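Let's take a friendly walk through this model, starting at an annotated site and moving on to the helices and the core.

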Amino acid sequence: MSFFNSIGRTMQRSGPRGGPKRSPTPTSTISTTSTLVDHVPPASPSVSVPGTQKPLYLCSPFVEAALVKGNFKTIVMLPKYVDIMEWVAVNIFDFFQNLNMFYGVISECCTQHSCPTMSAGATLNYTWINQDRKSVQLPAPTYIDYVMTWVQNLLDDENTFPTKSGQDFPASFPSTIKHVYRQLLRVFAHIYHAHYPQILHLRSEPHFNSLFAHFLAFGREYELLDIKDVRGASNAPAVGIGALWERWREMGILES
Ligand SMILES: [Zn+2]
C-alpha cells in the first residue's frame with residue numbers, strides 16, 4: 001500500500017462515522033446462503049390490477065432524475081496509481097455513509113408497523129439467516145439496523161478495513177465486501193420499494209438515483225454484485241430494483 005494512497009483514504013475516512021445511533025452488534029449473522037423468497041413473477045404491467053401498477057421510480061420523470069448525466073463507467077474506473085483494494089474500500093465507505101444518511105432521514109417512516117417484512121417488491125421479501133442457520137422474516141427496520149450496525153463495525157475494524165500505512169487488507173476482504181455489497185443492495189431495494197414517496201417528498205430522487213446507479217455500476221465493475229441478486233431469477237420478469245436496473249441499462253446510464 002503506498003503512502004499516498006493510505007493518506008488519501010485516511011483523510012477521506014476520518015470524518016465522523018455518524019448517522020443514527022445503532023443498537024449493539026446483533027447476534028444474528030449474515031450468511032451467503034440468504035436467499036430471495038416468494039420470488040413470484042408479478043402480473044404483466046399492462047394489466048391494471050390494484051397493486052401491480054408500475055412503481056413511481058420506474059416512471060418518467062423520476063426514472064431519469066440524476067445528479068450525474070451520462071454513463072457511470074468513467075467514475076467507477078480505477079484511477080491511475082491507486083491500489084484496487086484502497087479504491088474499493090473508500091467507495092464502499094462512501095456508499096455506506098450516503099445510504100446511512102438517506103435511511104436516517106426516512107427511518108421514522110420505516111417502522112415495524114409500516115414495514116413488517118424486509119420487502120423489496122409486491123412479491124419479494126428478503127429473509128435473514130439467524131444463528132441457527134434458519135431463514136427468518138424480520139421487520140424491515142430490524143433487518144436494516146442489523147445490516148447497518150454490522151457494516152459500521154466492519155468499517156471501524158482495522159483488521160477488516162485497514163487505514164494505516166503498511167497494513168495490508170486481509171485475505172478475506174473480497175468475500176467480506178461481497179457480503180456487504182449484497183446487504184446494502186437490499187437496503188436500497190427496500191427504500192425504493194417502500195419509501196420512494198418520502199424520497200420524492202424530499203426532492204432527493206436525483207441524488208438517490210445517482211447514488212444507486214453509481215453503486216450498481218461500481219458493483220458490476222469490480223464483480224461485487226451477482227446479476228441474480230440485482231435482477232432475481234433470469235427466467236422471470238425483473239421485480240423492484242431489478243426492473244430499474246434494466247431500465248437504466250436501456251437508457252445507457254449503466255453498461256449493458
Ligand atoms: Zn421500511
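Is Cys110 buried or exposed? Cys110 is buried, because 20 other C-beta atoms lie within 10 Å; a residue is buried if 20 or more other C-beta atoms lie within 10 Å of its own, exposed if 12 or fewer, and partly exposed in between, with C-beta atoms placed from the backbone. Please keep in mind that this is a predicted model, in which local features need pLDDT of at least 70, side-chain atom pairs count only at pLDDT 80 or more, and totals for chains, interfaces and linings use all residues. Residues are numbered from 1 along each chain as its sequence is written.

**The annotated site**

According to an unreviewed UniProt entry, the annotation "binding site" covers Cys110, Cys115, His190 and His195. UniProt positions follow the numbering used here, feature names are shortened, and annotations may be inferred rather than shown by experiment. These residues are spread over 86 residues of sequence, yet they cluster in space, with a largest C-alpha distance of 9.9 Å.

Two of them are set out here, with contacts that leave out residues up to four places away in sequence. Two residues are in contact if their C-beta atoms, placed from the backbone, lie within 7 Å. Helices (H or I, at least four residues) and strands (E, at least two) are DSSP runs, numbered from the N terminus.

| Residue | Place | Contacts |
|---|---|---|
| Cys110 | loop between helix H3 (84-106) and strand S2 (118-121) | Cys115, Ala140, Pro141 and His195 |
| His195 | helix H5 (residues 173-201) | Ile106, Cys109 and Cys110 |

His195 also counts as buried, because it has 22 C-beta neighbours inside 10 Å.

**Core and helix H8**

The largest nonpolar core has 59 residues, and those with the most contacts inside it are Tyr143, Leu184, Phe188 and Ala213. Such a core is a set of buried Ala, Val, Leu, Ile, Met, Phe, Trp, Tyr and Cys residues joined through C-beta atoms within 7 Å. H5 gives the most to this core, with 12 residues. Leaving aside neighbours within four places in sequence, Phe188 is in contact with Leu99, Phe212, Phe215 and Ile241.

Ile241 is one of the buried residues of helix H8 (residues 241-250), which also include Leu244, Trp245 and Trp248. The buried residues of H8 pack against S2, H5, helix H6 (205-221) and helix H7 (227-231). Just after H8, Gly252 takes a positive phi of about 85°.
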